[in-house]
Amino acid sequence: MQPIVHIDHVSFSYGSAEGAEAEVPLALDDVSLAIEPGAFVGVIGPSGAGKSTLASVMSGAIPHHYAGRLFGATYVDGRDTCDVTLTDISQIVGSVLQDIDAQMVASVVEDELLFGLENFGVPHDQIETRITETLATIGISDLRDREIATLSGGQKQKVAIAAILALRPRMLVLDEPTAALDPASARMVFETLRTVNHTLGVTVVVIEQMVALLSEFCERIVVMDEGRIALDGTPREVFSHSAELRAIGVDSPRTARVSNSLMAKGVAPHGAPCLTVADAYELVSSVVGRARLGRLAGFDAQAEEKSASYGAHLAPSSRSAFGAPDDELAVFATAAAMATDRLTFAAHGAWSRDAARAAFEEELNAPRGRHEDQGIQSVVPVVEFNHVGFAYPGGAAVEDLCFAVHPGEIFALIGQNGAGKTTATKLLNGLLQPTEGRVAIAGLDTRDTPVSTIARHAATLFQNPDRQLCKNTVLDEVAFGLELQGVGGDEARDRARTVIERFGLPEEAAPFSLSRGQRQMVALASVVVLEPEVIVLDEPTSGLDYRECMTVMETVSEMAARGSAVVMVCHDMEVVSDFADRAAVMADGRIVGCGPVGEIFRNPVYMERASVAPPQIVALSEQLARGVSADFAGIGEVSALVDTVVEMVTGGSEARAHA
Amino acid sequence: MLNVIDYVPGTTLLHKLNPVTKLALAAAIIAATLLVSGFPALIGLLVLTLALAAYAGVADRMLSLLKVLVPVALIMFVLQIAFTRAGNPVLGFVTDQGLVTGGKACLRLLGVALPLVLMLMVTKTTDLANACVEKLHIPYKYAFTFTTALRFVPVFSQEMNAIMEAQTARGVEFDTKNPLKRLTLMLPVCIPLLVTSVAKTDATALAAEQRGFYLRTRESSFKRYPFTALDAGAFALCAVLIVLGVLL
């Protein structure tokens, strides 16, 4: 079958065609790729890897819209994209841009669909059926007469897809369609894409950062790194290369990490990685089951052989406990991160495994006890929400919010878009003032204190760093916050320089000339330099790649360890589970549940109210605790789960040896 | 967030008029406002606009717009009084002629702004663009530019709000009472806004081209905008308004 898109040794660099060829790095570097009709392909990679450029090459925006130097050839449906117009290409390849607000042309959903249909000269007697059918396929028939401005993010994304799909393209290219969505909406968008792919046979190429979604929905995953294709294959093939992925800076599904780790330790037989919780459950229960069987069988010869092999593998696993890069730890080592809790754990790795296990149990019994030595409970909370209520003139409101955050604690707010999480953060930093109840930040009532004064105690990192940046150089930018607090110019610059150096940012560069991830780092640096008592994070990791996301979160944990209280709104449950101490679930403007992260994730009622799926590891350990062994209860991290399995298997064989 | 120029759905006669007719009606009211010279006529035209707004069910939006416009009109009034030296002094530097010209300038400002806004409130921008292309033979390129500009007003004002919030949260004193200080603080905020808007405009151009923008002709529009008897009546009203404007 002829591929619908065939990219043949394409290289591309942005910028003017003349001169400076050596200075401009290649956005794409000799990429060859063929997409078969009807495929569902996911593209992933760290930021700056060339994912969006690849999408532009497929959609014809390169060479027709963006200027630059292009080598090689791209064939869409057999025709060279350089020889046909962008309009012709877009009748075959429909693309949904990253910024859907910029893509929309109309104020009403129906008109949005009409625009393309009218332009491409679809006969007017067919237009009505096209609109009805497309809306029905996407499942948004009820939105037909709605104003686009009143739609939620997920609905808007569906309208954007519908507007392209109505043109009946043979292929859809989407650039991070779920970046601004909550997990439930993100899933819905992918389900929509699957429907389109299955029922209409439309080829789908989607750039996405959420590995769990990619591995579940895509048939093929392309991993990009530095303008090249690093890996290309089925999700199972791609995620079995966890070491390469880690080096590139791409996350793997947590279940794949568990299975890869178990295979590397020789506990599980080599095979494809587990992509779903069910797969992983199967694997772990069979491994543990076999070990138990071996123990029961006593001196059975087969078990003898097996125990010998476990014994042989015990050495590498204990070696990893003594600081060699283990699955989890290596990520942070490669991320070249600062000293963090986790690296401290790497140091703790030098303890015996039993001690580490005991430490884990202790940690789980206490509400994430890592800050316990600071005695959270005795310290006065720095953020206090006391029966806080607020209503927008439009009608949306939050009611009766009650929580307190102590110094050194990371507190997460989770829930669907529109649940009131952002409103809560705005109440916190004083941008909104409560109509009921009281918000106190470091003892200051937000109703009596100007926002600029609250800013001295609470620093906010916004989802979009571009709204925060306003200076000409990185140094000015980072020093600006300090200057606003009345720190003298020279001292402010000195402190700013120290932080900039630690982040490895270019001091004299203009913030807006940096990449998205680096701009977020600049924004983060200007928060860190303030050494605030409270840090507010609104979606700190959206739009960042895995490595950047880790750097941001590690920095935040480090700030927490130094005594800052952190309040974060986050849609990525893996991040919440890895870094937060406590979480509150919000739904319909209320807090429906609040407690240690582990407890929240293990409570199905809360998960349903928040419309989120628990992180894979929590789900897996819960299932294992119910079906295999109570020892799995409460585990929230890959390394702990792997250790437990190893201990069960090897512990079993040791017990048998003693007998 | 609702915006004053957003379309308000409705089924009144005003909504049902052809977009071009609505444009003509607004233009006629504006022309009349500029032509008439007496206070009663000026006030009459304003009342007409407000009555039409009330009929179309957008009175509340119109009033919230007035809250913004009236202070501007008052500034204009004060300036006129200060600069008009002719006439007899009434109080201090204020002359009777100053009061008259100031009052008229003030009413004209409102009389010019309100009909246009009212027209936008009762017309979908896509309809306006399509009807102008069909009836007035305006090239679609310009109609699209116009509607896109209108569509970006709320998008940019939201962006501006978000930037101001972000800067306030950083400690920039936007909450200061001093308007001059506020203005100087606003300037740096324009940089991020400019950067975002350039990126957005580029993305819009690309998205439009990928949806066949360059193929569009006058016949492309699915909806047709024929003139009806209702429109004829409205055009007659326009003529009457302009004639009255010349006479009064």
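**Exercise 1. Work out how much surface chain A exposes and what supplies it.**

Start with the total: chain A exposes about 25,000 Å², by the Shrake-Rupley method with a 1.4 Å probe, where for residues only the protein chains shown count as cover. Next, the make-up: carbon and sulfur atoms supply 51% of that area. Before going on, keep in mind that this is a predicted model, where local features need pLDDT of at least 70, side-chain atom pairs count only at pLDDT 80 or more, and totals for chains, interfaces and linings use all residues. Residues are numbered from 1 along each chain as its sequence is written, chains are lettered from A in the order in which they are written, and side-chain values use heavy atoms, with hydrogens and water left out.

**Exercise 2. Find out what share of chain A is buried, and which helices and strands it holds by count.**

Chain A has 659 residues, and 58% of them count as buried, meaning under 20% relative accessible area (1.4 Å probe, protein chains only). Now count the elements: 28 helices and 20 strands. These are DSSP runs, with helices being H or I of at least four residues and strands E of at least two, numbered from the N terminus.

**Exercise 3. Decide whether helix α5 of chain A is enclosed or open, and say what packs against it.**

Go along residues 109–119 of chain A: 11 of the 11 are buried, so α5 is largely enclosed by the rest of the structure. The buried set even takes in charged residues, among them E110(A), D111(A), E112(A) and E118(A). Then look for partners. From chain A, the buried residues of α5(A) pack against α4 (100–103), α6 (124–138) and α7 (153–165). Chain B brings α6 (125–135), α7 (140–170) and α8 (179–210). Contact here means heavy atoms within 4.5 Å. Just past the helix comes G121(A), with a positive phi near 65°.

**Exercise 4. Describe the interface of chain A and chain B, from area down to a single pair.**

Area first: about 4,600 Å² is buried between the two chains, with 56% from carbon and sulfur atoms. That is the accessible area (1.4 Å probe) lost on putting the two parts together, summed over both. Chain A puts in 56 residues and chain B 46. Then the charges: there are 8 salt bridges between the chains, each a side-chain nitrogen of Lys or Arg within 4 Å of a carboxyl oxygen of Asp or Glu. One pairs R211(B) with E112(A), closest N and O atoms 2.9 Å apart. Finally, α5(A) gives the largest share of the chain A side that touches chain B, 8 residues.

Technical notes
Buried means under 20% relative accessible area, exposed over 50%, partly exposed in between (1.4 Å probe, protein chains only).
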